[in-house]
Amino acid sequence: MQQRTGGGPDAADGPAADAPEHWRGVERGLLRMRRTVLLTTMGVLTLGTAAALGLPLGPGWALPALVWPATAAWGWFALGRNWRSWRYVERDDDLLISRGVLWRELTVVPYGRMQLVEVTSGPLERRYGLARLQLHTAAATTDAAIPGLVPAEAERLRDRLTELGEARSAGL
């Protein structure tokens, strides 16, 4: 797992600002999974476009199909940058989730606002040994998720966040 340490530019000021924060990245399997989906999709589109244009009109007309491999090359690079942008840190009172390259997003989820924490894993995620942690909060628009976790880490986080959420919301 890629480890990131230090506050960095996304570190929030507050009681834990002077304590070292240990940012954790998501698993490399998430990048492999997304790149596999990208290459499969672009391969099918390339063959489909080449066949649809090249067979009835001639091979010269199949050249527009090359737009899909070019898109795949750009997507390969973009997915790598996006994967590196995902990270999270557990603090005393909240969980921080940071993501994004062009539009950076930092989500702060106070433990006391969590209503439901669930771990999901679809067929592709299971194939790559991954799980997704989904956090549901009191506000419908602030739900957060952390994709690309090892199932054991996702379950550990789920149990810890549930325990902290119950302890922090006891006064509500």
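What pLDDT does the protein chain average, and what share of the residues score at least 70? In this predicted model, the protein chain averages a pLDDT of 85, and 84% of the residues score at least 70.

**View 1. Confidence along the protein chain, from the start of the sequence to helices α2 and α4.** Over residues 1–18 the pLDDT is below 50, although this stretch still has 32 contacts in the model beyond near neighbours in sequence. Among the elements of the protein chain, the highest mean pLDDT, 96, belongs to helix α2, which spans residues 67–85. The lowest mean pLDDT among these elements is 89, found for helix α4 at residues 151–168.

**View 2. Strand β2 pairs with strand β1 and with strand β3.** Strand β1, made of residues 24–25, is joined by 2 bridges to strand β2, made of residues 87–90, and the two run antiparallel. Strand β2 also pairs in the antiparallel sense with strand β3, residues 94–99, here over 4 bridges. With 3 residues between them, β2 and β3 form a hairpin. Y88 can be followed across both pairings, since this residue of β2 has R24 opposite it and also stands opposite I97 in β3.

**View 3. Charged ends of arginine over aromatic rings at W23 and Y128.** The charged end of R87 sits over the ring of W23, at 4.8 Å from the ring centre; R87 itself lies within the residue range of strand β2, 87–90. In a second arrangement of this kind, the charged end of R127 sits over the ring of Y128, and here the distance from the ring centre is 5.7 Å. A pair of aromatic rings, by contrast, is described by the distance of the centres and the angle of the planes. With ring centres required to lie within 6.5 Å, the count of aromatic pairs in this model comes to 0.

**View 4. The open sheet of strands β5, β6 and β7.** The 3 strands of this open sheet follow the order β5-β6-β7, and their pairing is antiparallel. The edge strands are β5, residues 114–120, and β7, residues 144–149, each of which pairs on one side only. From one strand to the next, the twist averages 15°.

**View 5. The pairing of strand β6 with strand β7.** Strand β6, residues 131–137, is joined to β7 by 4 bridges, and the two strands run antiparallel. Within this pairing, L133 stands opposite I146 in β7. In a regular strand the side chains alternate between the two faces of the sheet.

Notes
Residues are numbered from 1 along each chain as its sequence is written. This is a predicted model: local features need pLDDT of at least 70, side-chain atom pairs count only at pLDDT 80 or more; totals for chains, interfaces and linings use all residues. Side-chain values use heavy atoms; hydrogens and water are left out. pLDDT is the predictor's confidence in each residue, from 0 to 100. Contact means heavy atoms within 4.5 Å. Rings of Phe, Tyr and Trp (its six-membered ring) pair if their centres lie within 6.5 Å; planes under 30 degrees apart count as stacked, over 60 as edge-to-face and the rest as tilted. A charge sits over a ring if NZ of Lys or CZ of Arg is within 6 Å of the ring centre and within 35 degrees of the ring normal. Two strands pair if DSSP finds at least two bridges between them. Axes are lines fitted to C-alpha atoms, for helices over the stretch in contact, and angles run from 0 to 180 degrees between N-to-C directions.
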